[in-house]
Structures are given as C-alpha cells and as structure tokens.
Amino acid sequence: MRAKRSKKYRKLMHQYELTFGFRAPYQVLLDSNFLQQVHNFKMDLIPALERTVQGNVKPLLTKCSLAAITAAQPINPKTGKPFRPYHLPPPTVLPLRHCSHNPNSEPIDEIDCLLSLLSPNAEAKKNKEHYILATADPAVKKSDNNNDNQQRKRKRDEEREEEQALRRARNLRVRARSIPGVPIIYVKRSVMVLEPLSTPSENVREGVEMDKFRVGLPEPQPKTDEAAEGAAKKKIPGLKKARGPNPLSVKKPKKRAAESGPAKTPRKNDGTGASNENGAGDGPDGEEAGAPKTKRRRRHHKSGFREENEDGAPSTQADQAMGVDA
Ligand SMILES: [Zn+2]
C-alpha cells in the first residue's frame, strides 16, 4: 500500500520536474494549520515530508505564518511575549522565510502571504520559486460537554470560528490549485497526502507535451524572403546540406607528381649535406652555422683561398681562416 503510494508520488514529482522545473531540495512553505496537525498526529516533520515528495526538502515558515501561530498563544507574564507553542519546531529545523508586504514589513494575513509567495504576480499566475505548499484543515478543538448556558453559547461561537477557519483553509487550497505548478501537501487523518496535478497544472503539462510532439513534425514553409533566410540560417537537426566529400579522405591529385618530381627530396638532401659539411669543416666556427651557403662556398674556395692568403690579400675570410688554423 505504502509502496504503491510512494511510487505514485515519485511519478507526480517527476512531472513537476519535467513541466515546471522543480528540483530537490524542494522548498516547502508550511502553514500554521499544517504544523498544528503534524504535532497533533505526532508526525516526524522532515521525514514525513521527504517521504511524501520522495526527495530532500527545505521547509520554510513565513513571518506572517509565524505571526499567526504566536497570535493564538497566551502571553507569558514573565517575558511579556507569547509562549512558544509546542507545535512550532526550532528555527534550525524550520527556518524563517522573510517576506515583506508593506513598507513597515508588518505581517499580513497568512493566506494572502502564502498566495503572494506562490504567485508573486497575481495576473500572470506562476510559481517562479518552485514552492510546495503544505497545509491542513484546522484542528478541531475538543470542548467538554457542559450544559451550562454560558458554556453553550461559547461553544456555539467556537463552532462558528472553526467553521470559518475551515472555510479559509479550503479557500487557500482552492486558490493555490488555480496557480499552475504548485504541488500541495495536506494532512488527512494522520497521513500526508500529495495532491494530484490541478487542472491548470495539467493544462500546462499537456501544452509542454504538445510542444514536444510538434518539434518532431516538419516545419511549414516560410512565406517571406526574410523568413526563408531565417529558416535557412537556423540549424535544423537531422537536415544535412549537400557538401563535397571529406577532404581528408580524398587523395590529392597532385600528390603523385610531387613524389616523382625531384624537387622535394634533393632539396632536403642539400640542406642536410650543407649542415654536415659545416660540422666537418668549420667545427669551431659556431657563428657561421646560420649561413650554410657562404660556408659551403668558402669550403669550396678553401684551397684557392689559402693561396690568396699567401698572396697577402686582406679579407674577412682570411681572418677567419687564420682563426681556424690557430
Ligand atoms: Zn508574509
């Protein structure tokens, strides 16, 4: 039974992820009724929430919800502040979500606060922050059966208040459902329930699915030239332009001629030959290594060159030759 439900909820959250971009850890806005019921049914807040959404959660309590919780508390005469209610978890477990609705940032009605966070823009209903709403019907107060007239009157007043609170809680859920992409958790008889997609959410999901389907169909031909250019520029996946063969896989037509031609290899030999000659002939003359041509010439002239030297002709070549000799 429980396995079946968890599978259903995992599927549901997956739809919220695909359609609305929800990601764990999920931000969950808890209202005062929810906290009260979690306490009444002795549920473990975080584990119960995480079982429900099948993922890590980041629970949040708005300032206005906190104000609603503390407003119902009696005042501690010692501190002059309301008693901390048992059903309010410590801020380490349930951090405060700061909200500001007016210049003085005074708390407003809890329901208005929650709805303004779920959909910041009242017209364009969109749950931009990807909040989950966790709510509940208000707890029914136990009243002792007293036949006293005054007690009876008080009971009637309480019942009226309860009825009003119940209507408000239901109203919150109805209005939250009208915002597409708001997962709603509520407590129902000691069980946390994740509501199925609301009709507006379902409509958005179907729209997304239709878009996916449309991508697969061929696009209609653009009418204007500009549109045609735009379409041509756009890269359509799967559509390839007719191009020539891969240049890397084709033999070059000139390659054979180059191989047979004597141009390349002899030139290479020339180079190496020159350097070899340099190494053998003018070993100590490191400066001359950069200019093999002149050296080669010099080497060829060496025999004749000495003769010149003997003649006493002053030249740079002669100086260098003398250096080599010495
Ligand atoms: Zn608020």
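In this predicted model, Gln 54 sits in the loop that joins α3 to β2 (57-62). Gln 54 directly follows α3, and its phi is positive, near 55°. The residue is not a glycine. Most residues other than glycine have a negative phi, and most peptide bonds are trans. Gln 54 is partly exposed, since 18 other C-beta atoms lie within 10 Å and a buried residue needs 20 or more.

Helix α3 itself spans residues 45-53, and its buried residues are Leu 45, Leu 49, Thr 52 and Val 53. These residues lie on the same side of α3, because they cover an arc of only 85° around the axis. An α-helix has 3.6 residues a turn, so residues three or four places apart point the same way.

Helix α2 (residues 32-40) is mostly covered, with seven of its nine residues buried. The buried set consists of Ser 32, Asn 33, Phe 34, Leu 35, Gln 36, Gln 37 and Val 38. Lys 42, just after α2, has a positive phi of about 55°.

Another positive phi is found at Arg 189, with a value near 45°. Arg 189 is likewise a residue other than glycine. It is placed in the loop between β5 (184-188) and β6 (191-194). Arg 189 counts as exposed, because it has 7 C-beta neighbours inside 10 Å and the limit for exposed residues is 12 or fewer.

The backbone also holds a cis peptide bond, from Ala 24 to Pro 25, with omega near 0°. Pro 25 belongs to the loop between α1 (2-20) and β1 (26-30).

The loop between α4 (63-71) and β3 (96-97) contains Lys 81. Lys 81 counts as exposed, because 10 C-beta neighbours fall inside 10 Å. Leaving out residues up to four places away in sequence, Lys 81 touches Ile 75 and Asn 76. Thr 70 is 11 residues from Lys 81 in sequence, and the two C-alpha atoms are 9.1 Å apart.

Helix packing was examined next. Two packed helices are described by the angle between their axes and the distance between the axes. Helix α5 (residues 110-118) packs against helix α6 (residues 149-177) at an angle of about 10°, and the axes are 11 Å apart. The angle therefore makes α5 roughly parallel to α6. On the α5 side, the contact is made by Ile 111, Leu 114, Leu 115 and Leu 118. On the α6 side, Arg 168, Leu 172, Arg 175 and Ala 176 take part. Six residues of this contact are nonpolar, two are charged and none is polar.

Leu 133 is in contact with residues of both helices: Leu 114 and Leu 118, and Ala 176. Its other contacts are Leu 29, Val 182 and Ile 184, leaving aside neighbours within four places in sequence. Leu 133 belongs to the largest nonpolar core, which has 41 residues. Val 28, Leu 29, Leu 133 and Ala 134 have the most contacts inside that core. In soluble globular proteins, nonpolar side chains tend to be buried together.

Across the whole protein chain, there are 12 helices and six strands. Buried residues make up 20% of its 326 residues. Among contacts with a separation of 6 or more, 67% join residues 24 or more positions apart.

Methods
Residues numbered from 1 in each chain as written. Predicted model: local features only at pLDDT ≥ 70, side-chain atom pairs only at ≥ 80, totals over all residues. Helix = DSSP H or I, 4+ residues; strand = E, 2+ residues; numbered from the N terminus. Arc of directions from axis to C-beta. Contact = placed C-beta atoms within 7 Å. Axes fitted to C-alpha atoms, helices over the stretch in contact; angles between N-to-C directions. Parallel < 35°, antiparallel > 145°, perpendicular 65-115°, else oblique. Nonpolar A, V, L, I, M, F, W, Y, C, P; charged D, E, K, R; others polar. Core = buried A, V, L, I, M, F, W, Y, C linked by C-beta atoms within 7 Å.
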